[in-house]
Amino acid sequence: MIELLVIKFILAGFVLFMVMNFAGLHTWIERKQSALIQDRIGANRASILGFRLMGLFHPLADAIKMFLKEDLIPKGADKTLHTLAPLFSVLFALMAFAAIPFGPPLELGDRVIDLQVAKIDVALLYIFAMLSLGVYGVILAGFASRNNYAILGGLRATAQMISYEIALGVAVIGVIMVYGTMDLGKIVDAQGALIWGFIPRWGIVVQPVAFVVFVTAALAETKRIPFDLPEGESEIIGYFVEYSGMKFGMFLFTDFLETIMVACVATTLFFGGWQVPFLQSDSVSNPVFVMLGMASFATKVMVFCWVFMQLRWTVPRFRYDQLMTLGWKGLFPIAIANVIVTAIVLVMIDLIGGKS
Amino acid sequence: MAKKIVHRPELTFWEKLYIPQVLTGLKITSIHFFRNLFLHILHRLGIFKHRRAGVTIQYPEELRPLFSRYRSRHRLTLRDDNTPRCVGCMLCETVCPAKCITIVPGEHPDPHVEKYPVRFDIDLGICVYCGYCVEVCPEDAIRMDTGILDLASGTREGMRLDIHQLMDPELRKPVTNCSLDFPHQCEVTGGEMKGGWDQVRKYSDNQV
């Protein structure tokens, strides 16, 4: 029992370490990538003992700045909720990572360790629950600030997240139908198979429409450009106007955490998770297989983060009515149609008797 | 009055799909991203330095190229014997619209040269960089071609350049030692007269 606890603690620590560091690095990635896209050089002045390291110390300088800034709570605001709101945001974003399988099962002696912090049968539902609970951080931040603009920002954010959650959920139903399970570990296992012997049976191959809908809706969930109407730092006022110091930093951090989260889910559902294409578990020894699997998972997540960042610096922001139109009249019907078509095709395959 | 009906261009179905348009945008940003990334890597390896990877000028290390006629900080041109070419005719002080030039002329021992400046101050805090002093000078004694742009000081006094800094653009405030030989009102040592013409002659004998 104690051993199991220790293993779980190590796994949780490992995931937290990786995720937090990657989210911290995201500020650097965002600066440098936008600079490269716009023919600039990007932040490169922060230095320790004269070493600049391409501006890698800027996230560190940012963190120090955030911690040292004065933490203001507006007069008359609800102090408890005002403090709790950023906490909720970060907490739920971090908790969702528990259900992500980031590597193949590791065999240590006669013990098999699943590289997944929490082995939940309905991991997918758990992740969606955590993503939905993230709304509380946002609406509480708007509500507790005692600022009408902040409350409007919070309402915009809530409306947007709820609208897109439906499209997100329905898009994923197609994937669940194809693989017949909600256990992310089993979904990843199923994606290791090959169709006709040469195409990996990844989610994007069997459910391309669901992938497009999922990525669009997931981008909207992360509240980043082109769906950053809740914040809109340049024109409209968002739900965290009344936040300063590290509390503001935590909202910023949540954005990056959610981006990584969405990248992880997209990788797990549509790009084979930790599967290396055409590599089976019996062809190499277990430790090598585990290392390759984890490297494959990390690479895919990073590529997704890169794509999301590239999208963020390419596409202009939607108008609010366009956003709602896209969510309710665009993505939602497409997702429903995708589910129906998937159901019909699955029944047809069953009737013919073949196995996909 | 004929009516002219302007039809707004409607989006085609292909454009309404939005995804192809997003991909077109992604193509453009990706081309920029990978080109600049590739160039940065090449620069690290020390090749292809002539193709810039960004339009940013890294200011203190890299100066912006200036036009040859750009008017920057003033300087006084020199004769062969390291004395100012200025003859103290007061034309620049007279023409200056901002009245930032102060000249105190003194007698020059050479009969071919009328006078020379015992004191030549330009207050850059007042100067409007019109360049009239350069144009009016009959002796080509003052120029604005040093290319020095980073003029800043915590005090008004600090913006006043005296003859030491005007004759040597490399000198920056505070000037600590005086290297001028001819008689001048030396601001470095507190405003009293210093130097003598007999010291100047030692360096150069080509003066009559």
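Two strands count as paired if DSSP finds at least two bridges between them. Please keep that in mind for the sheet in chain B. The model on the screen is a predicted one.

Take strand β3 of chain B, residues 115-123, which is joined to β5(B) by 2 bridges, with the strands running antiparallel. Two bridges is what the rule asks for as a minimum, so this pair qualifies. As for who faces whom, B:Asp123 stands opposite B:Arg160 of β5(B).

On its other pairing, β3(B) is matched with β2(B), again antiparallel, through 7 bridges. One of the partnerships there is B:Ile101 with B:Ile122, the latter in β3(B). Put together, chain B has an open sheet of 3 strands in the order β2-β3-β5, with antiparallel pairing. Which strands are at the edges? They are β2, 101-107, and β5, 160-161, and each of them pairs on one side only. As general background, side chains in a regular strand alternate between the two faces of the sheet.

Staying with chain B, the domain assignment splits out domain 1, covering 15-44, and domain 2, covering 75-203. How far apart are the C-alpha centres of these domains? The figure is 55 Å.

Now chain A, and its strands. Strand β1(A), residues 103-108, and strand β2(A), residues 111-115, are antiparallel partners with 4 bridges between them. A:Leu106 stands opposite A:Ile113 of β2(A), and A:Glu107 has A:Val112 as its bridge partner. The two strands make a hairpin with 2 residues between them, and in the turn A:Gly109 has a positive phi of about 65°.

A positive phi also turns up in a residue that is not glycine: A:Asp39, with a value near 60°. Where is A:Asp39? In the loop of chain A that runs between α1 (2-37) and α2 (58-68).

There is one more backbone point in chain A. The peptide bond joining A:Ile225 and A:Pro226 is cis, with omega about 10°. A:Pro226 belongs to the loop between α8 (208-221) and α9 of chain A.

That brings us to the helix after that loop. The axes of α9(A), residues 245-270, and α10(A), residues 286-312, come within 9 Å of each other and cross at roughly 125°. That angle makes α9(A) oblique to α10(A). The crossing is right-handed. From α9(A), the contact is made by A:Thr259, A:Ile260, A:Ala263, A:Cys264, A:Ala266 and A:Thr267, and from α10(A) by A:Phe297, A:Lys300, A:Val301, A:Phe304, A:Cys305 and A:Phe308. Sorted by class, this contact holds 9 nonpolar, 2 polar and 1 charged residues.

Last, the place where the chains meet. Chain B brings 13 residues to the contact and chain A brings 12 residues. What is the make-up by class on the side of chain B that touches chain A? It has 6 nonpolar, 7 polar and no charged residues.

A helix pair across the chains can be described in detail. α1(A) packs with α2(B), residues 19-44, at an angle of about 100°, with the axes 7 Å apart. That angle makes α1(A) roughly perpendicular to α2(B). α1(A) takes part with A:Gln33, A:Leu36 and A:Ile37, while α2(B) takes part with B:Thr29, B:His32, B:Phe33, B:Asn36 and B:Leu37. How do the residues of this contact divide by class? There are 4 nonpolar, 4 polar and no charged ones.

To recap the helix pairs: α9(A) is oblique to α10(A), and α1(A) is roughly perpendicular to α2(B). For the sheet in chain B, the order to remember is β2-β3-β5. That is the end of the talk.

Notes
Residues are numbered from 1 along each chain as its sequence is written. Chains are lettered from A and ligands numbered from 1 in the order in which they are written. This is a predicted model: local features need pLDDT of at least 70, side-chain atom pairs count only at pLDDT 80 or more; totals for chains, interfaces and linings use all residues. Two residues are in contact if their C-beta atoms, placed from the backbone, lie within 7 Å. Ala, Val, Leu, Ile, Met, Phe, Trp, Tyr, Cys and Pro count as nonpolar, Asp, Glu, Lys and Arg as charged, and the others, Gly among them, as polar. Domain bounds come from an automatic or database domain assignment. Axes are lines fitted to C-alpha atoms, for helices over the stretch in contact, and angles run from 0 to 180 degrees between N-to-C directions. Angles under 35 degrees count as roughly parallel, over 145 as roughly antiparallel, 65 to 115 as roughly perpendicular and the rest as oblique. A crossing is left-handed if the near helix is turned anticlockwise from the far one by less than a right angle, and right-handed if clockwise.
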